[in-house]
Amino acid sequence: MWRILVIQALTRIPAWMVLGALGNPYAIGLSGGIQWILLLIYWWLRRPLLPRTWLILHFVIGFLCSIALLYTIPSGLYALFALGVYLIQGRTDRDRVPLYFSSQDVMSTLSALLAEERGVFFDLGCGDGRILSYLSRRHPHWVFKGYELALLPWLMACWRCRNCANVQILRSNFWSAPMDEADVSYCFLSPEPMRLIGEQFRSSAKKGCLLVSNSFEIMDMKPVQVIPVKGLLQHDLYVYTC
Ligand SMILES: C[S@@+](CC[C@H](N)C(=O)[O-])C[C@H]1O[C@@H](n2cnc3c(N)ncnc32)[C@H](O)[C@@H]1O
């Protein structure tokens, strides 16, 4: 997060200088253009390390800053926005895992993976609990545990699963989840935590159990199965075992 702010601030300084010198509404557009050129140069110089999404993200933030300059926006609105982001996304600045949801196809594929009569299933970062609610109805003898830190998704998961006797929703960090209790652990996170998730799985999971990762591979582990799935921002389920 702080890196985004530093880059935005540094590329804004020359843009602000132009704005200060000209001081008319057209200068806002011009200053935005200058910032975009600086961002483009920085991205070009560091290209192998910075994905194209980095550039798009900074362009969008830069554009929103220019729009904000055009209007007198009460400062309280910024604070409200930050609070909203925190309630929905939790500490995404630290964990690098935003909120998005598994598709229906993923849920039915997961259901097919629960072949045993009974077992324990963990959803590491369970969002609004849709997976747990779906699976718990189809596998009444399994125990389902969801770990979620962000307040609003956690509340939604509790509400969604309120009548599911075999589901427990914990407002807890998945890094402290007792992986040795699970027969199947599922996650849909981001590239960032995958190496550590792999380490946690290898060091604490019991023999023969599964870790299913939606769309994000663990680079230093070989999946025993890769199952193509359909859905927004998702393509494959990587199944690991130990
Ligand atoms: C991409 S969403 C996936 C939601 C759900 N599992 C699904 O597939 O529909 C990832 C979730 O993980 C949560 N999360 C991120 N880091 C976490 C952590 N350290 N402990 C618990 N939850 C976390 C986020 O708040 C977010 O709701």
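In which sense, right-handed or left-handed, does H6 cross H7? Before getting to that pair of helices, it helps to look at the whole chain, keeping in mind that this is a predicted model.

The protein chain is built from 9 helices and 7 strands. Its C-alpha trace stretches over about 70 × 40 × 30 Å along the principal axes. Out of 242 residues, 29% count as buried. Contacts tend to link distant parts of the sequence: if you take the contacts with a separation of 6 or more, 60% of them join residues 24 or more positions apart.

Now for the two helices. Helix H6 covers residues 104–113 and helix H7 covers residues 130–138, and the two pack with their axes 10 Å apart, at an angle of about 40°. That angle is why H6 counts as oblique to H7. As for the opening question, the crossing of H6 past H7 turns out to be right-handed. On the H6 side, the residues involved are Met 107, Leu 110 and Ser 111, and they meet Ile 131, Tyr 134, Leu 135 and Arg 138 of H7. Sorted by class, this contact brings together 5 nonpolar residues, 1 polar one and 1 charged one.

Then there is the ligand, which has 23 residues around it. Coming nearest among these are Asp 95, Val 97, Ser 102, Gly 125 and Gly 127. The shell as a whole is made up of 14 nonpolar, 5 polar and 4 charged residues.

Terms used. Residues numbered from 1 in each chain as written. Predicted model: local features only at pLDDT ≥ 70, side-chain atom pairs only at ≥ 80, totals over all residues. Helix = DSSP H or I, 4+ residues; strand = E, 2+ residues; numbered from the N terminus. Buried ≥ 20, exposed ≤ 12 C-beta atoms within 10 Å, placed from the backbone. Contact = placed C-beta atoms within 7 Å. Axes fitted to C-alpha atoms, helices over the stretch in contact; angles between N-to-C directions. Parallel < 35°, antiparallel > 145°, perpendicular 65-115°, else oblique. Left-handed = near helix turned anticlockwise from the far one by under 90°. Nonpolar A, V, L, I, M, F, W, Y, C, P; charged D, E, K, R; others polar. Near = placed C-beta within 6 Å.
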